[in-house]
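Me: Please take a close look at the contacts of the ligand. Then follow the chain outwards from there, in plain terms, as I am new to this.

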Amino acid sequence: MDVDVLIVGGGVSGLSAAWWLAQRGVAAELWERAPTLGGVVGTRRVGGYAMESGASLMLNFRPEVTAFIEQSGLAPEKLALRSDAPRFVVQRGMLAQVPTRLGSQAFTPFWSGCGRLRLLAEPLIPRGGDEAETASAFVTRRLGCEALEKVFEPMLASTFGCDPDLAQARAVLPRLTALEQRFGSIAVGVLVRKLRRQAAPAMEMFSFKGGMQSLIDALARNPGVSVRTECTAAVLVREPDGWAALACTREGERRLRARHVVLSVPAMEAAELLDPNDPELAALIGGLEYAPLAVVHLGFERAAIEHRLDGMGFLVPRAEARALLGCQWSAGVLAERAPGGRVLLSAFLGGARAPQIAQWDEAAIAGAALDQLTALLGLRDAPETTQVVRHTRGLPLYHGNHLRRVRDVRERLRRWPGLHIAANYLDGVSTRDRIVSGYAVAGEICSQLLAASGGRRPEREHVRPVPRRREARGATI
Ligand SMILES: Cc1cc2nc3c(=O)[nH]c(=O)nc-3n(C[C@H](O)[C@H](O)[C@H](O)COP(=O)(O)OP(=O)(O)OC[C@H]3O[C@@H](n4cnc5c(N)ncnc54)[C@H](O)[C@@H]3O)c2cc1C
């Protein structure tokens, strides 16, 4: 056997699995198709602006992520966002501030009279719904359709790229659906936890001084793993005591035998590798749909933007009929993303709401973003720089009965000892969930290696325990 673990894919999922394995002293080799690591995450510096190609912020409440940030030395790099920073959504072509405090919901003009009454009636709504319930049905049933259209739809459309009419509530809103299941009401659940002093784990939103590239660099600073870029896994075959893999590289073929393989590539690539071994598993994974996403970065002189740019950005509900999902600006805590006197606007377009952007060229995407931002933010001048990042398969869609599909995949994986999946199409799209998933897969592999070696622990193991916490099953938010 050449190596204990082969990891295929060098995005946050694969890098996290490698990082946690190295903490436990397990040797791994990682293959990445692209010339650089990070997958959809990375920060490009253009004319003094720091432009994120994908993820731009982390929203964390998981101890695994906190442990990783501390143990990897990333803590001093963190740029925390104020949790009370104003958030905006578009309402009839204007930016409206979203009331975030529970107590303020009764008085804010953000809600109509009926919408407010419907929110206040939430504790009176009987428990209901089943596993197949969609996110739209769940939110409408508990909080009313105004809450769905003004807040939840734009939030889900931007974080998951999904259509809440098709997405499974328990997959995309696991914490809220768990509160209903446990307490019969979201508001009662929050209140009971407060009274019992079982406060939800602190929620932190942050980026890093070097942008999200700092996260990738910290994950990649890992002497325990041998990383090969421009190394595309092409064949994977089960052998009696492990897996044989073949990759195409610039130098020719690379062959490797590993006890365990972690697949951290997008669903279509995973399905191609799995098909010769298990066509049924390949079909389950390959059948997953993705939504295209585009990020348009626009650099402006501050004086060219009329809006006061407080808070961090805005989301766009579907009622506004725009391809734009939302926009973040660099004013405030993310000021380091733009040179002095300048502001970077980062607009997100596409998702399940506007899949047509996959057919648009860069000029059309940038033009659509600029048109819509001009009206919403009062742009007085042309941007001094424009960059478009396109992701044809941006985010996997948790549409249909996603949790059943995940169970089926996990069930099927049991037939293949030594085969593991850590990827965003199974258990959460956020970078937080990717780090948690890497932690889980590393733990699984270590237990299996330990059992196979008769309990002999690796000499280089220096893992520090991460506090355990009960968590609603599902993805993010
Ligand atoms: C535009 C956008 C904005 C986002 N914003 C946020 C955000 O603000 N916050 C947040 O938490 N999350 C965000 N996300 C989600 C998050 O960034 C991703 O879900 C996560 O980074 C995916 O990581 P991954 O490793 O699972 O997949 P990927 O990043 O897709 O990595 C898979 C890797 O596998 C490689 N690969 C493919 N085939 C092969 C092969 N045959 N052999 C070897 N390598 C192969 C690919 O080159 C790639 O590097 C965003 C995503 C997008 C697209």
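Reply: A polar contact is a pair of N or O atoms within 3.5 Å. The model is a predicted one, and the distances below were computed from it.

With that cut-off, consider Val429. A backbone N or O atom of Val429 lies 2.5 Å from an oxygen atom of the ligand, and that distance is within the 3.5 Å limit. Glu32 takes part through its side chain: an N or O atom there is 2.6 Å from an oxygen atom of the ligand. Val40 uses its backbone, with a polar atom 2.9 Å from a ligand oxygen. Around the ligand there are 34 residues, and the ones that come nearest are Ser13, Glu32, Leu57, Val429 and Thr431. Val429 and Glu32 are therefore named both among the nearest residues and in the polar contacts.

Thr431 leads on to a helix. Helix 14 covers residues 431-452, a range that includes Thr431. Two packed helices are described by the angle between their axes and the distance between the axes. Helix 14 packs with helix 2, residues 63-71, at an angle of about 85 degrees, and the two axes are 9 Å apart. At that angle, helix 2 is roughly perpendicular to helix 14. On the helix 2 side, the meeting residues are Glu64, Val65 and Phe68. Helix 14 supplies Arg432, Ile435, Val436 and Tyr439. By type, the residues of this contact are 5 nonpolar and 2 charged, with no polar ones.

Next come the strands. Strands 5, 9 and 6 form an open sheet, in the order 5-9-6, with antiparallel pairing. Strand 5 (58-60) and strand 6 (78-81) stand at the edges; each has a single partner strand, so one side of each has no neighbour in the sheet. From one strand to the next, the twist averages 40 degrees. Strand 9, residues 204-208, is joined to strand 6 by 4 bridges. One residue pair in this stretch is Lys78 with its bridge partner Phe208 in strand 9.

One more pair of strands is a hairpin. Strand 7 (residues 88-91) and strand 8 (residues 94-97) run antiparallel and are joined by 4 bridges. Val89 stands opposite Ala96 in strand 8. The hairpin has 2 residues between its strands, and Arg92 takes a positive phi near 45 degrees.

Notes
Residues are numbered from 1 along each chain as its sequence is written. This is a predicted model: local features need pLDDT of at least 70, side-chain atom pairs count only at pLDDT 80 or more; totals for chains, interfaces and linings use all residues. Side-chain values use heavy atoms; hydrogens and water are left out. Axes are lines fitted to C-alpha atoms, for helices over the stretch in contact, and angles run from 0 to 180 degrees between N-to-C directions. Angles under 35 degrees count as roughly parallel, over 145 as roughly antiparallel, 65 to 115 as roughly perpendicular and the rest as oblique. Contact means heavy atoms within 4.5 Å. Ala, Val, Leu, Ile, Met, Phe, Trp, Tyr, Cys and Pro count as nonpolar, Asp, Glu, Lys and Arg as charged, and the others, Gly among them, as polar. Two strands pair if DSSP finds at least two bridges between them. A residue is near a molecule or strand if one of its heavy atoms lies within 4 Å of it. A polar contact is a pair of N or O atoms within 3.5 Å; within protein, one must be able to donate a hydrogen and the other to accept it, and residues adjacent in sequence count only if both atoms are side-chain atoms.
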